[in-house]
Amino acid sequence: MKVSKEARRVARQLMKATVKGGRVDPAVVRQVVARLKELKPRGYLGVMSAYGRLVRMELEKSHAVVESAVGLDEKTRAAVEADLQKKYDGALTVEYQVVPELIGGMRVRVGSDVWDGSVKGRLARLKERIG
Amino acid sequence: MSNILQELESEIAGLKTSVSKSNVGVVREIGDGVAKVEGLSDVMLNEMIEFPGGLYGLALNLEETEVGCVLLGEGREIKEGDEVRTTGKLLQVPVGKSMLGRVVNALGQPVDGKGDIAAEDSYPVEKIAPGIIPRQSVSQPVQTGIMAVDAMIPIGRGQRELIIGDRATGKTTIAVDTIISQANQNRAAEEGRLKDHRPLYCIYVAVGQKMSNVARTISTLEEAGAMDYTVVVSASASDTATNQYLAPYAGCAIGEWFMDNGMDALIVFDDLSKHAVAYRQVSLVLRRPSGREAYPGDVFYLHSRLLERSARLNEDNGGGSMTALPIIETQAGDVSAYIPTNVISITDGQIYLETDLFYQGIRPAISVGLSVSRVGSAAQTKAIKKVSGTTKLDLAQFREMQAFAQFGSDLDDKTKKLIERGQRIVELFKQPQYSPLPLEVQVAQLFAMQNGYFDDVAVDKVEDCQEKMTEYLTTRKDSLMQKISDEKVLSDEIVADLKAALEDFKSSYKG
């Protein structure tokens, strides 16, 4: 969907109002969506789509995806979560995924940062170094 | 054997505990050699981005939610949703003396099938030009071997001299002749025939040209033995617009290595019109706002930052230099178009080639009136300066008078003399392609012209006389020629010897 410059500008303004104390306020998001649906301003679909994207990107910043080759036990999960909360000043939502292609180890993604300690990643780095 | 095993084991041990942090993004859109990537929050401008399959891209547009990357390859297998990562590196090319004799692409990878290049170093493609302090003014000549250029539009080391003209007017030939001349001089210096010569290494950058043309140029350079001192950077018409846009910068980085290491380099950009077109394509697919002739707003900066990298460094900085010969192709002789005016204003002079002159058989078809060298005269060899002082003026006056002479034959003696001299100078400056003349031959011929030794030779015999004179001087007066080449000034003694030699030649010459 083609989003106009104006729609992007409006979405940016709405996003500013949505983020409070560095976090997305779900109540404000719901309110913004409801008002947009109700008032249907010019190019509202574009605004909603751009706003949706900005909200998704902001939420990704406080969402961690932990990938591992096998399912993690409770103890490991607690340790990983504690480490992540410490690194990112708390309030991270954590999602666990099992990705057998990793062979072993773990890969954590928060926003666009990736911490790769998987065997697959290490092998790739070894290949890179040896050439 | 055990060493390599130990090395491997230590590498593995190092990796065992390591967790790497990287910055990633997701491809949202791909097409026309451009990928829009979401994420990549830590990306730098012009940073290399790694795509799946070992393909690299260059981050050119950093926007609020997206990064616009141009792909440095085909990228047919990239699809939406693919993960990409930053590398923390700016685009670099291999540089060094081992590049000489090789043909490389815009990324510095060899394309001549002669195997890998063991480069001494690597340089970033984009680099800020040397500032004011490390520079010094141009004072050493680049002997192009083209008499018309060396006599009237001298080029100095560190200068930027534009070669401009319509299609098929001999622009590339001038550049190739210059490269061949440098190779001849470098070889002569190595063999001890040329005193106090600083070797000049050449880089030929082919942008958006037909592969056949590039192959022909390379074979010409090989035949003349010039490839030993030359690097060819090729981004032909079949390469992506990104590679065509990067090739001149890559060539420039290769030249800068020579300059930074106290050596002299000459770089030919063939041609910057096609470079601007490639950049326009990249900018349009990146959806940057377009301006005049649909070129982006920074097309001036595109060429100014490239050509500003040519410089002559002072002795504290090694005393190296990089001379640039950019080429611009005009449409129907229009020098006032957008790109030609930009490059004319950036460079330190231009050699303007005219179609009319070319078809009149005056080759190189240099238009004396429109060609100029703003800084080169300071670098001109004293001997050439002495014998070519009034040549440009004589020729300009001749062109003016020639128009009058067409209307009637009642001309005063002075005008007649001027026209006759002019006709002979025009003949003298005609030169076949790929045969640059050494300095001493140029000096002798210009001296002969200045002192009237050609006045009694019929205009259509000037070329023949010139040929025989060269043969006579190089075979029978080689010690005199060597003396001119060594001293590079016309002392009274040399003038007397030269006069005697020319008298002797004229007495035996039957025109």
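Student: What makes strands β12 and β17 of chain B count as paired, and in which sense do they run?

Tutor: In this predicted model, four bridges join β12 (residues 162-165) to β17 (residues 349-353) in chain B, and the two strands run parallel. Pairing calls for at least two bridges, so the four found here satisfy the criterion. As one point along the pair, Leu162(B) stands opposite Gln350(B) of β17(B).

Student: To which sheet do these strands belong, and in what order do its strands lie?

Tutor: They belong to an open sheet of eight strands in chain B with mixed pairing, ordered β8-β14-β13-β15-β16-β12-β17-β18.

Student: Why are β8 and β18 of chain B said to stand at the edges?

Tutor: β8 (103-104) and β18 (372-373) of chain B each have a single partner strand, so one side of each has no neighbour in the sheet.

Student: What shows that helix α5 of chain B packs on the sheet?

Tutor: α5(B) touches four of its strands, namely β13 (200-207), β14 (230-235), β15 (264-270) and β16 (321-329) of chain B. The direction of the helix makes about 175 degrees with that of β13(B). On a scale of angles from 0 to 180 degrees between N-to-C directions, this value means that α5(B) and β13(B) run in nearly opposite directions.

Student: Why is α5(B) described as largely enclosed?

Tutor: Of the 20 residues in α5(B), 19 are buried, so the rest of the structure largely encloses this helix. For chain B as a whole, buried residues make up 46% of the 511 residues.

Student: How do you know that the length of α5(B) agrees with its number of residues?

Tutor: At 1.5 Å a residue, the 20 residues of α5(B), 241-260, should span 28 Å; the end C-alpha atoms are 29 Å apart, which agrees.

Student: Where does α5(B) have a kink, and what follows the helix?

Tutor: The kink, of about 35 degrees, lies at Ala247(B), shortly before the proline Pro248(B). Just after the helix, Gly262(B) takes a positive phi of about 75 degrees.

Student: Why does Asp177(B) count as buried?

Tutor: The threshold is 20 or more other C-beta atoms within 10 Å. Asp177(B) has 25 such neighbours, and therefore counts as buried. This residue is placed in helix α3 (residues 171-190) of chain B. Leaving aside residues up to four places away in sequence, Asp177(B) touches Thr144(B), Gly145(B), Ile146(B), Gln433(B), Tyr434(B) and Pro436(B).

Student: Which elements of chain B contribute to the contact with chain A?

Tutor: The contact takes 14 residues from chain B and 15 from chain A. On the side of chain B, α1 (2-17) and β1 (20-31) are the elements that give two or more residues, and β1(B) gives the most, with six. By class, this side has five nonpolar, seven polar and two charged residues.

Student: What makes β1(B) and strand β6 of chain A a pair across the two chains?

Tutor: β6 (residues 113-116) of chain A and β1(B) are joined over four bridges in the antiparallel sense. Since at least two bridges are required, the two strands pair. One of the partnerships is that of Val114(A) with Ser22(B).

Student: How do helices α1 and α2 of chain A meet?

Tutor: The axes of α1 (residues 5-18) and α2 (residues 26-39) of chain A come within 9 Å and cross at roughly 145 degrees. Leu14(A), Ala17(A) and Thr18(A) of α1(A) meet Val28(A), Val29(A) and Val32(A) of α2(A). This contact has five nonpolar residues, one polar and no charged.

Definitions and conventions. Residues are numbered from 1 along each chain as its sequence is written. Chains are lettered from A and ligands numbered from 1 in the order in which they are written. This is a predicted model: local features need pLDDT of at least 70, side-chain atom pairs count only at pLDDT 80 or more; totals for chains, interfaces and linings use all residues. Two residues are in contact if their C-beta atoms, placed from the backbone, lie within 7 Å. Ala, Val, Leu, Ile, Met, Phe, Trp, Tyr, Cys and Pro count as nonpolar, Asp, Glu, Lys and Arg as charged, and the others, Gly among them, as polar. A residue is buried if 20 or more other C-beta atoms lie within 10 Å of its own, exposed if 12 or fewer, and partly exposed in between; C-beta atoms are placed from the backbone. The expected span of a helix is 1.5 Å times one less than its number of residues. The bend at a residue is the angle between axes fitted to the seven residues ending there and the seven starting there.
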